[in-house]
Amino acid sequence: MTTPAQTESTEAKAPSSVVLTDVAAQKVKALIEQEGRDDLRLRVAVQPGGCSGLRYQLFFDERSLDGDVVTDFDGVEVVVDRMSAPYLAGATIDFADRIDAQGFTIDNPNAGNSCACGDSFS
């Protein structure tokens, strides 16, 4: 007979919330400083819409909602509402500043399909 302690999985657990890269955290921090406020956090949400069914939203927010998942990345708080959290678990937010791409990008392992513009997924 085995006890629960003996059957622990040795597999790495998937992240339970979004991951913000260092580059993205620095960009968010700079944008918040430009706003001149210290009460803003980056809110990441999933809303119905877009050409694939669901659409990402990233915006600054000072609100705290019941059930929010808050993660701190080097002083930058990222907030995900409880309805969006399952869709965004393990997603990585990065910032690109290249000639061929500029802006925040989301690499989401939960997205089965995405549109060409990268703003929506299913």
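## A tour from Lys27 to the nonpolar core

Begin by selecting Lys27, which is partly exposed because its relative accessible area of 29% lies between the limits for buried, under 20%, and exposed, over 50%. The model on screen is predicted, and every value given along this tour was computed from it.

With Lys27 still highlighted, show the helix around it: the residue is found in helix α1. Which residues does Lys27 contact once its neighbours within four places in sequence are left aside? Phe95 and Phe104 are the two to display. Add Asp94 as well, which is 67 residues from Lys27 in sequence, while the C-alpha atoms of the pair are 9.4 Å apart in space.

**The three-stranded sheet**

Next, select residues 92–97, which form strand β6, and then β1, to which β6 is joined by two bridges in a parallel arrangement. One place to look is Val19, whose bridge partner in β6 is Thr92. Helix α1, spanning residues 22–35, packs on this sheet and touches β1, β6 and β7, and its direction makes an angle of about 75° with that of β6.

Now colour the whole sheet, an open one of three strands in the order β1-β6-β7, with mixed pairing. Its edges are β1 (19–20) and β7 (102–107), each of which pairs on one side only.

**β2 and its two partners**

Move on to β2 and bring up β3 and β5 with it. Nine bridges join β2 to β3, and these two strands run antiparallel, whereas the three bridges between β2 and β5 belong to a parallel pair. Arg43 is a convenient residue on which to centre the view, since one can look from there towards both partners: Arg43 stands opposite Phe59 in β3, and Arg43 also stands opposite Val79 in β5.

Keep Arg43 displayed and add Asp68, which is placed in the loop between β3 and β4 (69–73). Is Asp68 buried or exposed? Asp68 counts as buried, because its relative accessible area is 18% and the cut-off for burial is under 20%. Its side chain and that of Arg43 are joined by a polar contact of 2.8 Å, and the side chain of Asp68 also reaches the backbone nitrogen of Leu65 at 2.8 Å. Beyond its neighbours within four places in sequence, Asp68 is in contact with Arg41, Arg43, Arg63, Val79, Val80 and Asp81.

**The largest nonpolar core**

From here, hide the polar side chains and select the largest nonpolar core, which has 21 residues; the members that touch the most others are Val18, Leu20, Leu42, Val44, Val78, Val80 and Leu88. Two or more residues each come from α1, β2 (41–49), β3 (53–61), β5 (76–80), α2 (85–88) and β6, and α1 gives the most, with four residues.

Leu42 rewards a separate selection: apart from its neighbours within four places in sequence, it is in contact with Leu20, Val28, Leu58, Phe59, Phe60, Glu77, Val78 and Val79.

**Zooming out**

Finally, return to the full chain, where two helices and eight strands follow the pattern β-α-β-β-β-β-α-β-β-β along the sequence. Of its 122 residues, 32% count as buried, and the accessible surface comes to about 8000 Å², with 48% of that belonging to carbon and sulfur atoms. Among contacts with a separation of 6 or more, 53% are between residues 24 or more positions apart.

Definitions and conventions:
Residues numbered from 1 in each chain as written. Predicted model: local features only at pLDDT ≥ 70, side-chain atom pairs only at ≥ 80, totals over all residues. Heavy atoms only, no water. Pairing = 2+ DSSP bridges. Contact = heavy atoms within 4.5 Å. Axes fitted to C-alpha atoms, helices over the stretch in contact; angles between N-to-C directions. Buried < 20%, exposed > 50% of the residue type's maximum accessible area, 1.4 Å probe, protein only. Areas by Shrake-Rupley, 256 points an atom, 1.4 Å probe, with all protein chains shown as cover. Core = buried A, V, L, I, M, F, W, Y, C linked by side-chain atoms within 4.5 Å. Polar contact = N/O pair within 3.5 Å; in protein donor to acceptor, adjacent residues only side chain to side chain.
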